[in-house]
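The following exercises are to be worked with the sequence and the coordinates at hand. Each task is followed by a solution in steps.

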Amino acid sequence: MILTRPSEYRDLLARSKSIAMVGASSDPLRPSYTVFSFVRTGGLFSVVPINPKLDEIDGLRAYPSLVQYAEALGAPDIVDVFRNPASVLPVVDESIAVGAKAIWFQYGVINEEAIARADAAGIDVVVDRCIKVEIARFHGGLATAGLNSGVITSRRSGVR
Amino acid sequence: MNDRTFGFATRAIHAGTPPDPVTGARAAPIYQSSAFVFGSTEEAAELFALRGYGHIYSRISNPTVASFEERMASLEGGLGAVAFSSGLAAQLAIVLALARNGDHILCSQSVYGGTITQFSITLERMGIAVTFVPLDDPNAMRAALRPETKMLFVETIGNPSGSIADLKELAAFAHDNGFPLVVDNTFASPYCCRPIEFGADIVVASATKFICGHGTTVGGIVVDAGRFDYGSARFPLLSEPSRGYHGKIFTETFGEYAFLMRLRAEILRDVGAQLGAHDAWLLLQGLETLPLRMERHVANAQAIAQHLERHPDVVWVRYPGLPSHPDHARAARYLPRGAGSVFTFGIRGGRDAGRRFIDALELWSHLANVGDAKSLVIHPASTTHSQLNDQEMLAAGVAPEAIRLSVGLEDREDLLWDLERALAQAHSGEAASR
């Protein structure tokens with residue numbers, strides 16, 4: 001199912017624990033490092049980098065592929081994708097093969113064939129959104145920066 | 001939470017202020033603290049590297065100020081907002097975020113005198129050139145373009161002429177030429193017009209006026225739509241490595257948030273023109289009643305403008321809500337809920353009669369501000385626009401005999417009673433008696 005509404009992102013994040021980050025970088029200037037570091041230090045999710053060129057990022061072991069990740073740690077709840085849109089089809093095939101529950105394509109990672117293939121396999125799909133921004137939307141991060149979270153509630157427990 | 005799109009009045013009360021999760025306080029708390037304790041050294045490092053979200057020091061962000069910023073972003077329909085200590089500080093920050101020595105900006109001729117002074121004198125001294133253009137003359141607009149032009153700055157409702165910017169056309173002009181449209185929405189407030197809905201990229205306002213609504217607080221706000229792509233070579237301050245952040249490229253790291261991040265993390269951080277927590281709290285209180293107040297402001301202004309237009313001692317009235325205003329049709333398109341409550345009129349007898357008129361008023365306050373619950377009056381040529389030369393004054397629509405009213409929320413009959421008295425005294429030839 002292709003998720004497009006804020007409440008769907010919130011529900012996906014609420015039911016997920018593990019995130020496999022495909023294309024996570026160790027370069028502090030790259031967005032894929034910024035998001036990796038944000039999720040790792042946030043403590044809400046267990047995040048693991050998938051990058052065949054790296055052994056580890058910030059002391060966290062990197063796996064060369066989703067298949068090797070799944071062999072060691074089981075199927076991830078979310079596969080978060082930082083890759084050139086032209087090279088994401090194999091990522092989708094691997095995600096399906098290892099039984100990932102959702103694929104999250106970051107800003108600009110738009111490939112219609114890949115989206116359709118994941119959707120047809122029954123995997124939840126998020127397209128052209130940043131997982132950091134959506135986590136921050138529902139956990140107060142955006143609000144600290146004066147950003148328009150769209151969250152309106154009079155419940156003390158916050159968003160639910 | 002569901003996916004409902006809440007209405008304007010609901011957002012004016014709720015956006016940015018869910019209950020305090022720790023205490024349950026329903027009103028926005030005033031976080032009067034200069035700095036904020038880090039959860040760990042790792043969290044501190046994440047915050048300083050602009051990877052985490054959280055407060056470090058109130059010069060850069062503060063929870064009460066953030067509530068005000070988020071509410072303004074919601075009301076203007078933007079991606080986010082950054083508050084400043086005044087409207088002038090806010091618009092200067094926009095310029096500093098986009099332009100540097102050797103660059104150029106375009107600005108409407110029909111803007112607040114303080115803006116003309118800031119741009120033409122202070123910016124020129126800093127090496128940023130400005131051309132003031134007539135918005136209704138496309139040839140003059142095109143002739144003013146330069147490769148280093150970084151923005152077009154206009155006011156939704158020109159101060160004090162009441163000229164209405166053709167926002168859709170101006171947005172197309174700016175985008176066709178590769179730079180953003182910046183709109184000062186002070187006189188309209190987001191209740192009457194939301195420029196982002198018509199293609200504006202950045203909205204700026206003096207929050208001192210209708211946003212505050214009670215004449216208590218000086219503040220400014222910048223709201224960004226997050227739509228303009230600053231990734232081009234025209235905007236190296238955003239698209240090239242920043243020396244202030246170890247070579248971080250704002251457009252690459254922050255995408256649609258690039259402008260907002262640079263505005264806060266580089267400009268606000270370095271300039272230090274932040275809004276205080278207590279002031280933000282006062283502005284939040286003002287915003288809760290913005291829709292109610294604007295309705296009354298507009299209704300009072302319309303009635304008074306109509307009354308003055310029929311008055312024998314009034315030569316002309318320039319209110320966009322009147323069919324006699326050259327931009328009346330445009331006002332109906334861009335400001336369907338009313339053209340604000342600030343307008344000018346010309347008194348029979350010129351400048352001297354105007355002076356006697358202002359001196360004779362009892363209820364209207366003679367001061368340099370607009371958008372207060374109290375009705376206000378001023379003579380722009382000798383005050384708000386007095387730094388301009390004759391030619392600039394003419395271009396800004398400031399006639400020597402013009403008197404500017406900011407119509408407040410009092411009983412309409414009382415406001416009219418006072419105007420009638422003062423008009424009569426202005427023409428009795430007598431000095432005002434108080």
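**Exercise 1.** Locate B:Pro18 in chain B and determine whether B:Pro18 is buried or exposed.

*Solution.* The model is a predicted one.
Step 1: B:Pro18 lies in the loop that joins helix H1 (8–14) to helix H2 (41–48) of chain B.
Step 2: within 10 Å of B:Pro18 there are 22 other C-beta atoms. The cut-off for a buried residue is 20 or more, so B:Pro18 is buried.
Step 3: B:Ala28 is 10 residues away from B:Pro18 in sequence, and the two C-alpha atoms are 8.2 Å apart in space.

**Exercise 2.** Describe how helix H4 and helix H5 of chain B are arranged with respect to each other.

*Solution.* Two packed helices are described by the angle between their axes and by the distance between those axes.
Step 1: the axes of H4(B), residues 87–98, and H5(B), residues 113–125, come within 11 Å and cross at roughly 45°.
Step 2: an angle of 35 to 65 degrees falls outside the roughly parallel and roughly perpendicular classes; H4(B) and H5(B) are therefore oblique to each other.
Step 3: the crossing of these two helices is right-handed.
Step 4: H4(B) makes the contact through B:Leu88, B:Gln91, B:Leu92 and B:Val95, and H5(B) through B:Gly114, B:Thr115, B:Gln118 and B:Leu123. By class, these residues comprise four nonpolar, four polar and no charged.

**Exercise 3.** Characterise the fold of chain A by its elements and its compactness.

*Solution.* Step 1: chain A contains seven helices and seven strands. Read from the N terminus, their order is α-β-α-β-β-β-α-β-α-β-α-β-α-α.
Step 2: the radius of gyration of chain A is 15 Å, and the globule rule gives 15 Å for 160 residues, so chain A is as compact as a globular protein of that length.
Step 3: along the principal axes, the C-alpha atoms of chain A fill a box of roughly 45 × 35 × 25 Å.
Step 4: of the 160 residues in chain A, 48% are buried. Among contacts in chain A with a separation of 6 or more, 57% are between residues 24 or more positions apart.

**Exercise 4.** State which parts of chain A touch chain B, and give the composition of that side.

*Solution.* Step 1: the contact involves 29 residues of chain A and 38 residues of chain B.
Step 2: helix H1 (6–14), helix H2 (31–42) and helix H7 (141–144) of chain A each supply at least two residues of the side that touches chain B. H2(A) gives the most, with five residues.
Step 3: the residues on this side of chain A divide into 13 nonpolar, 12 polar and four charged.

Definitions and conventions: Residues numbered from 1 in each chain as written. Chains lettered and ligands numbered in written order. Predicted model: local features only at pLDDT ≥ 70, side-chain atom pairs only at ≥ 80, totals over all residues. Contact = placed C-beta atoms within 7 Å. Helix = DSSP H or I, 4+ residues; strand = E, 2+ residues; numbered from the N terminus. Nonpolar A, V, L, I, M, F, W, Y, C, P; charged D, E, K, R; others polar. Rg over C-alpha atoms; globule rule 2.2 N^0.38 Å. Buried ≥ 20, exposed ≤ 12 C-beta atoms within 10 Å, placed from the backbone. Axes fitted to C-alpha atoms, helices over the stretch in contact; angles between N-to-C directions. Parallel < 35°, antiparallel > 145°, perpendicular 65-115°, else oblique. Left-handed = near helix turned anticlockwise from the far one by under 90°.
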